[in-house]
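This report describes a single protein chain for readers at the bench. It moves from one side chain to a helix and then to charged pairs.

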Amino acid sequence: MNVRSINPFRKISFWAVKKYRHSTISQWYVLVLDVLIFLFAFFLMEALRQGGFNDMTFRGTLFKLIVSFVVTLVFFLFTGSYRGIIRHAGMSDIYKIIVATVGPALLFIAFNFVNNQHRPTIVRTDYLLSYREIFMLYTLLATVMIISRLVIQRVYNDYFRRRRPTENVIIYGAGAAGIIAYNALIQDFRIEYRVVAFIDDDMSKVNQNLNGVPVMRVRNVLMPKFIKNKQVSQLIIAIPTIRLKHKQAITTRALDLGLTVKAVPQVSTWLNGSFSSNQIEDIKIEDLLGRDPIKMDNVNIVREVVDKVVMVTGAAGSIGSEICRQLLQYQPKKVIMVDQAESPMYDLQFELKNTYKDHLERMEFIIANVKDKARMEEVFETFRPNLVYHAAAYKHVPFMEENPYEAVYINVFGTRNVADLAIKYGVQKFVMISTDKAVNPTNVMGATKRMAEIYIQSRSTDQTHFVTTRFGNVLGSNGSVIPLFKKQLAAGGPLTVTHKDIIRFFMTIPEACNLVLEAGAMGEGGDIFVFDMGKPVKIYDMALKMIQLSGRHDIEIKEIGLRPGEKLYEELLATKENTIPTYHPKIMRAQVRKYPLEAIDREYNELWEVLEGMDDMKIVGKMKSIVPEFLSNNSIYCKLDTSTPPSAR
């Protein structure tokens, strides 16, 4: 539009909007406005009382004006009713206005009562505000002050505020959290949210209205016709305590309708106890894959850990770092955190020292590599740990398939170093973190973890008990599929899956680590514990859900083929293994084949000699002789198998 072609009034309006759109009214201007409102209310009250402005008696009126003005101004200043930013005025501002007007009214009422009890009176009664005048003046004052805020706010929103994109939303939950979410959305200055409906399962609320918005049943709202007619784009779940299965069902239904789904977080996470729209969280894929929280009785863990020196290898990794966080809650004497990765270790040190400031004397951060036996012996000799949680390992299947020397050196002989030192220095319990890929391994990484299991399973003594915990993938761990998908989504896609039918078990990191601590506490030596991983998840379906959650429906999924050594599905038990229950329903004890100690020592010494030759084919060939069930898949090592290489399992 050409500004010169419009009329002068429009030109001034255009200039004012452009100049003052982002300005705020000075609090002193607001105070002056409130004073003018008071004067207006006072003279209007007097005129109504005395039958018009012409009949007002000057002397009595002036005295009342001065006294009431001074008292009211003091309450304005005391309550700070003028200090709020009017464009963001809310219930707290209205509360201050009420206090600023009710306060002087009560003061005058009290003074009148005392004055009337004395004869002769302290002040002439015709110079005092009567009860009727007090009611009229301060009711009028409060009403006009509140209306003035609302009018200014509306004028700002309609004429001065930058035009915002609009978004029609549904709020699931018509309780307190739903109302709080509604208010936060209405006050958002970036997007103009229009709440078209509340959903609630409580039939006593259905067909009611909240702030003029209808409360409806799920089946009447989450249907294509309603979503299309109301042009709804987003569902916000405003029930922080909603059951996980119910949340998953509602989210899935909304995603199928093309809606973006978000949720109000737990009250404990609100900033300073208050809530704003930018705290509404995106639903994460972890929310759709997770299970209801496992209830743990941590008495055994406390007994195991309290006042003990505990060492964690691989402490800077996803599992190792969470084990450290949980251990610090059980009052250990000291936690020795060992890792070779300098930068992740620095990050862990920074986090823990800021999170657990009362436990600084309990933390030791050590840079060391488990394959360096001399360095590890120095650490054991210095700190003399009572417990060891061994999480240090290489875990990426494709990398280890290309680097079997390093995989064997760290995963097998690194484990042997730490296990042997645990026996030498009288460690009470050694807990190793294994993987489902150790069962019927089809890749180098899985085979090395199985070999580590075999070694420590044979080492238990009356003094040192060795325990293995075996579980599948953990949600959000470093290098796992979910962080990869998130990066690919941020880059605009495509999301890559190796095979459309590939499935995996998943568990959250805190859940897995808590079970590790519990299983470690119950282990008696030579045990392999298997965790209940729930139902397996199709990676392709996970990719579809993540695309839906992102709201980006233009992202493609690309199938790139199985990587060397990769299975279609993982197992937690080998075919000849069985399990027996423990006292914890999510932890089972595996009944596995025992290996003679002398044979293991001979085989591993021979493997060490082969390893020194650094010939990948010979290294993997020796691994297959130690672990007969190790049959390579989609790998150059398939030709080493005596039987026909299996198809993807």
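## Gln 326 and its surroundings

A polar atom of the Gln 326 side chain lies 3.4 Å from the backbone nitrogen of Asn 514. These values come from a predicted model. Gln 326 belongs to helix 12, which spans residues 318–327. With a relative accessible area of 7%, Gln 326 is buried. Leaving aside residues up to four places away in sequence, Gln 326 touches Pro 510, Cys 513, Asn 514 and Leu 517.

## The chain as a whole

The chain contains 22 helices and 22 strands. Of its 649 residues, 49% are buried. Among contacts with a separation of 6 or more, 75% are between residues 24 or more positions apart. The exposed area of the chain is about 32,400 Å², and carbon and sulfur atoms supply 56% of it.

## Helix 22

Helix 22 covers residues 616–626, and its buried residues include Ile 619, Val 620, Met 623 and Ile 626. Lys 622 and Lys 624 are also buried. The buried residues of this helix pack against helix 16 (404–424), helix 17 (444–457) and helix 21 (597–612). At the N-terminal end, Asp 615 caps helix 22, with a side-chain oxygen 3.1 Å from the backbone nitrogen of Met 617.

## Salt bridges

Side chains of opposite charge can pair when their charged atoms come close. The count of salt bridges in the model comes to 19. Three of them are listed here.

| Basic residue | Acidic residue | N to O distance |
|---|---|---|
| Arg 375 | Glu 378 | 2.9 Å |
| Arg 450 | Glu 629 | 3.9 Å |
| Arg 459 | Asp 601 | 2.4 Å |

Arg 375 and Glu 378 are three residues apart in helix 14 (residues 373–383), so about one helical turn separates them. Arg 375 is partly exposed at 28% relative accessible area, and Glu 378 is partly exposed at 42%.

What are the closest N and O atoms of Arg 450 and Glu 629 apart by? The distance is 3.9 Å, and the two residues form a salt bridge. Because Arg 450 lies in helix 17 and Glu 629 in the segment after helix 22, the pair ties together parts that are 179 residues apart in sequence. Both residues are buried. Arg 450 and Glu 629 also belong to a network of salt bridges with Glu 453 and Arg 470.

The side chains of Arg 459 and Asp 601 meet in a salt bridge. This pair links distant parts of the chain, 142 residues apart: Arg 459 is in the loop between helix 17 and strand 13 (465–471), and Asp 601 is in helix 21. Arg 459 is buried at 12% relative accessibility, whereas Asp 601 is partly exposed at 27%.

Notes
Residues numbered from 1 in each chain as written. Predicted model: local features only at pLDDT ≥ 70, side-chain atom pairs only at ≥ 80, totals over all residues. Heavy atoms only, no water. Helix = DSSP H or I, 4+ residues; strand = E, 2+ residues; numbered from the N terminus. Buried < 20%, exposed > 50% of the residue type's maximum accessible area, 1.4 Å probe, protein only. Contact = heavy atoms within 4.5 Å. Areas by Shrake-Rupley, 256 points an atom, 1.4 Å probe, with all protein chains shown as cover. Polar contact = N/O pair within 3.5 Å; in protein donor to acceptor, adjacent residues only side chain to side chain. Salt bridge = Lys/Arg side-chain N within 4 Å of Asp/Glu carboxyl O.
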